Amino acid sequence: MDEPTSGLDARAAAIVMRTVRNTVDTGRTVVCTIHQPSIDIFEAFDELFLMKRGGEEIYVGPLGHQSCDLIQYFEGIERVSKIKPGYNPATWMLEVTSQAQEDILGVSFAEVYKNSDLYQRNQSVIRDISRAPAGSKDLYFPTQYSQSSITQCMACLWKQHLSYWRNPQYTVVRFFFSLVVALMFGTIFWQLGGKRSRTQDLFNAMGSMYAAVLFMGISYSSSVQPVVAVERTVFYRERAAGMYSALPYAFGQVVVELPYVLVQSLAYGVIVYAMIGFQWDVKKFCWYLYFMYFTLLYFTYYGMLAVGLTPSYNIASIVSSFFYGVWNLFSGFVISRPTMPVWWRWYSWVCPVSWTLYGLVASQFGDLTEPLQDSGVPINAFLKSFFGFEHDFLGVVAVVTAGFAVLFAVAFGLSIKVLNFQRR
């Protein structure tokens, strides 16, 4: 107990220490620091560990009845003033052992204690209790944690489930935001997805996908960062207590987002797909939901990763903003991949947004062979020549898009495991 009487009046302090004394009388050991105790509170202690500034021991031993052992020890030191009748032993003890008194007396109470019989007796007790009994074995635990990794993962997942369920400011507001954005984009790009007779029609449809991906993705990434920052503080405390390791915590944080993002992407995808007027084909509709789901998922995991790699939420938001701009630039919409300089084209292949845009456009228009009215070029040929999009490459694009979500999730787990930004 660390100063349990601080801030209390005399009566409340006496009640607290009486409770502590009753706890000790049941056979339990209580280690307690005390600040300016009264005589009654001080004499409730059995033993005293007194140190001077710097951590050197001055007295380690029993107090005795009415502090008689403590008083006898210090009064036995030459030239130390005697305690006055009725004077508080705790106050007297601090006064006679102060640095000023050491300078006046020309002694070091730490050295006096090390040369005393009390010190030798304490050292003998330490040696005796440090010696293992005959036939005993050292304590051995096969694992660092009391539960298996699977149990830790399930416990952390359930904990995150309860945390998210009790945080409607995050979950409900994000779902409502998805609906609002879906209606806004649906009305802005009303029925543009069904128009594909001219080149500009394709650009309009692609623009709706491009704007939605960045708008929704950045929103998801930014909104998850303060949540993860708060959860990481709790994780530091619970890991230090030996409750679970880093990877089960990361597992729970990552997996709990799956159903929330799924429901939100489904609600968004159905509304937008219908209002923009994309072709009602089961395969194309499923591809659209697939790419939107994993896109929102890797944006969410990227927001987590940014928090895991930085010491605070503010720094994470700054770092994230830089990559949002870079991903926007290399997405393939501002400037298509074939028209990029060769020395920058490689980055378009590692930009996750460019793969999302590839998948959305190729799944909707990559298999169409009808010619464009303004150029006479088939739609699939135009997409291949201008953007480099091929419908036959769609399977690889789907795997890579999902791979970005897995990559950011694994990187988040490793960052939580390796990096520790706790302030001491």
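Which residue lies over the face of Trp349? The legends below take that up first, then move on through a predicted model.

**View 1. Arg337 sits over an aromatic ring.** The residue over the face of Trp349 is Arg337, at 3.9 Å from the ring centre. Trp349 also has aromatic company: one cluster takes in Phe203, Trp349, Trp355, Tyr358, Phe382, Phe386, Phe387, Phe389 and Phe393.

**View 2. Phe235 and Tyr244 make a stacked pair.** Across the model, the count of aromatic pairs comes to 54. Here is one of them: the ring centres of Phe235 and Tyr244 are 6.3 Å apart and the planes meet at 25 degrees, so the pair counts as stacked, the cut-off being under 30 degrees. Are these two residues buried or exposed? Phe235 has 0% relative accessibility, so it counts as buried. Tyr244, with a relative accessible area of 6%, is buried as well.

**View 3. Phe278 and Tyr288 pair up at a tilt.** In this aromatic pair the centres are 5.7 Å apart, with 40 degrees between the planes. Phe278 belongs to the loop between helix H12 (257-276) and helix H13 (282-309), while Tyr288 is in helix H13 itself. The two residues are 10 apart along the chain, and the pair links distant parts of it. Phe278, at 2% relative accessibility, counts as buried. Tyr288 is buried too, and its relative accessible area is 2%.

**View 4. Arg239 is a buried charge without a salt bridge.** Find Arg239 in helix H10 (residues 199-240). How far away is the nearest side chain of opposite charge? That side chain is Glu238, and it is 10 Å away; a salt bridge needs the side-chain nitrogen within 4 Å of a carboxyl oxygen. So what does Arg239 touch, leaving aside residues up to four places away in sequence? The contacts are Tyr145, Tyr244, Ala246, Ile416, Lys417 and Asn420. Tyr244 is the ring that stacks with Phe235 in View 2.

**View 5. Strands E1 and E2 form a hairpin.** Strand E1 (residues 47-51) and strand E2 (residues 57-62) run antiparallel, joined by five bridges. Look at Met51 and you'll find its bridge partner in E2, Glu57. Five residues lie between the strands of this hairpin. Which residue of the hairpin takes a positive phi? Gly54 does, with a value near 105 degrees.

Technical notes. Residues are numbered from 1 along each chain as its sequence is written. This is a predicted model: local features need pLDDT of at least 70, side-chain atom pairs count only at pLDDT 80 or more; totals for chains, interfaces and linings use all residues. Side-chain values use heavy atoms; hydrogens and water are left out. Rings of Phe, Tyr and Trp (its six-membered ring) pair if their centres lie within 6.5 Å; planes under 30 degrees apart count as stacked, over 60 as edge-to-face and the rest as tilted. Buried means under 20% relative accessible area, exposed over 50%, partly exposed in between (1.4 Å probe, protein chains only). Helices (H or I, at least four residues) and strands (E, at least two) are DSSP runs, numbered from the N terminus. A charge sits over a ring if NZ of Lys or CZ of Arg is within 6 Å of the ring centre and within 35 degrees of the ring normal. Lys and Arg count as positive and Asp and Glu as negative; His and the chain ends are not counted. Contact means heavy atoms within 4.5 Å. Two strands pair if DSSP finds at least two bridges between them.
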